[in-house]
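User: I am a first-year student and should like a close look at one part of this protein, namely the empty spaces in it. Please also explain the terms and describe the sheets that help me to find my way.

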Amino acid sequence: MRLINTYTGAFEWHHDPTTVRYAILSHVWDLAGEQSYKDVFRIHKQLPRSSPGGGASLPPTFPSQVSAKIRHCCTHARRNGYTLLWIDSCCIDKSSSAELSEAINSMYQWYEQATVCYAFLFDVRSDEDPRGARSSFRRSKWFTRGWTLQELLAPLRVVFLSADWRPLGTLSSLAAVIEEVTGIERGVLLHQTPLRTVSVARRMSWAAQRVTTRVEDEAYSLMGIFGVMMPTIYGEGRNAFGRLQEEILKQAPDQTVFAWGPALCPAAHPDGIRPSVSYFTLDNVLPRERNLFASSPRDFAACAEMEPEAHLSLSERLGGLGVPFPEYTSTGFGIRTRMPILPPAEDATHSIYIGVLACVAGDGNLTGLFLHANRTWMSNGYYIGMDVDAEDTVYRTVPLTDEVLAQWGPPEVAEVYLPTRVMTSSPWTQASSDCTFGQPFATYDIFLPEWRARELEAKGYDVSRVVEPSATRGGLVTKPPTYRFVLVKDGSRAISIEFSSCSCTPGPEENQHGRMRAAVTFQASRPPTADVAANAAVSQPIAQEEHGSPHRAVTHDVAHPDHVNNCGWMLDDESCTAASKDFLCWAEDEHVAEAIRLTLSPSPEQWSADGAPRTWDTVYTLDIEFIDPSDAVATLDS
């Protein structure tokens, strides 16, 4: 641990911080930046190091080039008898990823082991009572930052300092007002209640309104509070918070970590809970709601009253059911675990199960987790969440009142697979090939390169692109977009190429968007004769009434001819970086006049014309090429 000597400003390294007495600073970083370790080290390196007698000596005074914050903090600590001080901004060499990771994993312990923590509040005046209803103390930015939560909870003694470095009070003397501001009970603040006895959900709720500059720090700043250690990987984004929850599960059998998100109130449905039919055709329930793990501490904002239920008590409340102790195994399909579930009642028209969590809310009822059976890939796979008729909210949890229990079957223990994190596409909906073509995406974009559009125009075709936007309800995509490319020549011949979501559902549970559907329609005065049509695959026109209609409960095989990546769509290689298919154009004399080859490939152009990043799950480039008809027939026949 690198510490600052408060008399000289020089750094000292101590391998075991428990053997020294030191003060530690908690603060909000200046928006203009803070002096780093290299900055302070460079200042000391440039100072004269020799005494008049020729011997080496330390600088007689504290270097004036060091920032005012560091100088004032050292002065305050020195006056109170502390020779050593730790400041996060300058005591960590952040150019070393190893040192930075070690410091982040050790930081809670460093604050815990410090003799005193000075909380510097740059935006609080010293001439007012911090306890006042409108005091600047209550409104200090220090209470809104992610990292300062552990800096409040870990130290045994905290002294709050104003903008002019005057004492405002201690954690002990200001515990009442701090409890009001943070929602953290006084017993926890004063270390009378061990932090480990507070539920995971409640600890998460303390961080729900706090912010960090880097999204990864939402997770890293909480590691000490949950007693976990893990590598820090800046650049992983919200995956860090998923890893944090995985580590928490290894440390504590506390299922309140799953009980975040919107909770359904049974009293609001006196006639019974009616799952919405639209849910069963959706594959795009918001990732933060359909997955087991939350994406941010903000998801726990309403979970402060959630408490774990003892294992024996859970078994008794479920009528003596033999509830297994919770064990979790990470797999490619999410977490595998065994848990008590409530199956749909025998006369139910839905496939919504309820997983019984070992936790209770403030009303004393057990908490249930809505599980949407998704059997397309495996018999025990589930999504999380449910929406109800005439409502726009996707509910994750429900208190298991007598009314709710009466609408579902008796509890049973089952092995389940639950998706844990945000995924571009669902593991449950993959085809037998690993190729991404034709997968059920909620949103995607297809566009024709400008160079190809100009080439088609040179051939006499007017090219237009028509987009039917996706339909949404309550922020959820209920029907993916449709893209239609129309080529018109001489005002008489027209080729319409359409990509849309098939009206089918890929599996018996009817719970996903259909796979990508490709249809090509040609304008001709007469259709081809039967013998000619039999020798080539001609795409049939889409029935007009299907455009814009809701998805229908039609189930057919994933290899249906309408689906991209099936029936004639050729993959260029095993990596599936492109897929193509030939279509024939029929002239009025019933002979093949032209043929086109359509090629779809993931687009490298991920930025829109205005420089903003695209937001679609998948972006495809479409190439339209006119080819020799005989080549097309050969391709199709093969």
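Analyst: The answer begins with the model itself, turns to the empty spaces, and ends with the sheets.

The structure is a predicted model, in which local features need pLDDT of at least 70 and side-chain atom pairs count only at pLDDT 80 or more, while totals for chains, interfaces and linings use all residues. Residues are numbered from 1 along each chain as its sequence is written, and side-chain values use heavy atoms, with hydrogens and water left out.

The chain has a mean pLDDT (the predictor's confidence in each residue, from 0 to 100) of 79, and 74% of its residues reach 70 or more. Residues 277–287 have pLDDT below 50, and this stretch makes 50 contacts beyond near neighbours in sequence; a contact means heavy atoms within 4.5 Å. Residues 605–617 also have pLDDT below 50, with 21 such contacts in the model.

The spaces are found on a 1 Å grid over the protein atoms alone: a cavity is a set of points where a 1.4 Å probe fits but cannot get out, a pocket is an open set with protein on both sides within 12 Å along at least five of seven lines, and lining residues have an atom within 4 Å of a point. Grid points are joined across faces, edges and corners, and a volume is the space filled by probe spheres set on the points.

The largest pocket has a volume of about 620 Å³. It is lined by 23 residues, of which Trp29, Asp88, Trp147, Thr213 and Asp217 are the closest to its centre. Helices α3 and α4 (147–153) each contribute at least two lining residues; helices (H or I, at least four residues) and strands (E, at least two) are DSSP runs, numbered from the N terminus. By class, the pocket lining holds 10 nonpolar, five polar and eight charged residues. Here Ala, Val, Leu, Ile, Met, Phe, Trp, Tyr, Cys and Pro count as nonpolar, Asp, Glu, Lys and Arg as charged, and the others, Gly among them, as polar.

Two cavities of 30 Å³ or more are present. The largest cavity encloses about 70 Å³, and its lining includes Gly146, Leu149, Arg210, Asp217, Glu218 and Pro297. That lining is made up of five nonpolar, three polar and three charged residues.

The second largest cavity has a volume of about 50 Å³. Among the residues lining it are Gln255, Phe258, Tyr328, Thr337, Met339 and Leu418. Strand β10 (residues 334–342) gives the most to this lining, three residues. Seven of the lining residues are nonpolar, two are polar and none is charged.

Helix α3, already met at the pocket, leads to the sheets. An open sheet of seven strands, with mixed pairing, follows the order β2-β1-β4-β3-β5-β6-β7; two strands pair if DSSP finds at least two bridges between them. Its edges are β2 (11–13) and β7 (167–170), and each has a single partner strand, so one side of each lacks a neighbour in the sheet. Its neighbouring strands are turned by 35 degrees against each other on average, direction ignored. Axes are lines fitted to C-alpha atoms, for helices over the stretch in contact, and angles run from 0 to 180 degrees between N-to-C directions.

Within this sheet, β3 (residues 22–27) and β4 (residues 84–86) are parallel and share three bridges, with Leu84 as the bridge partner of Tyr22. Helix α3 (residues 97–113) packs on the sheet, where it touches β1 (2–5), β3, β4 and β5 (116–120), and its direction makes about 110 degrees with that of β3.

An open sheet of four strands has antiparallel pairing in the order β17-β20-β21-β23.
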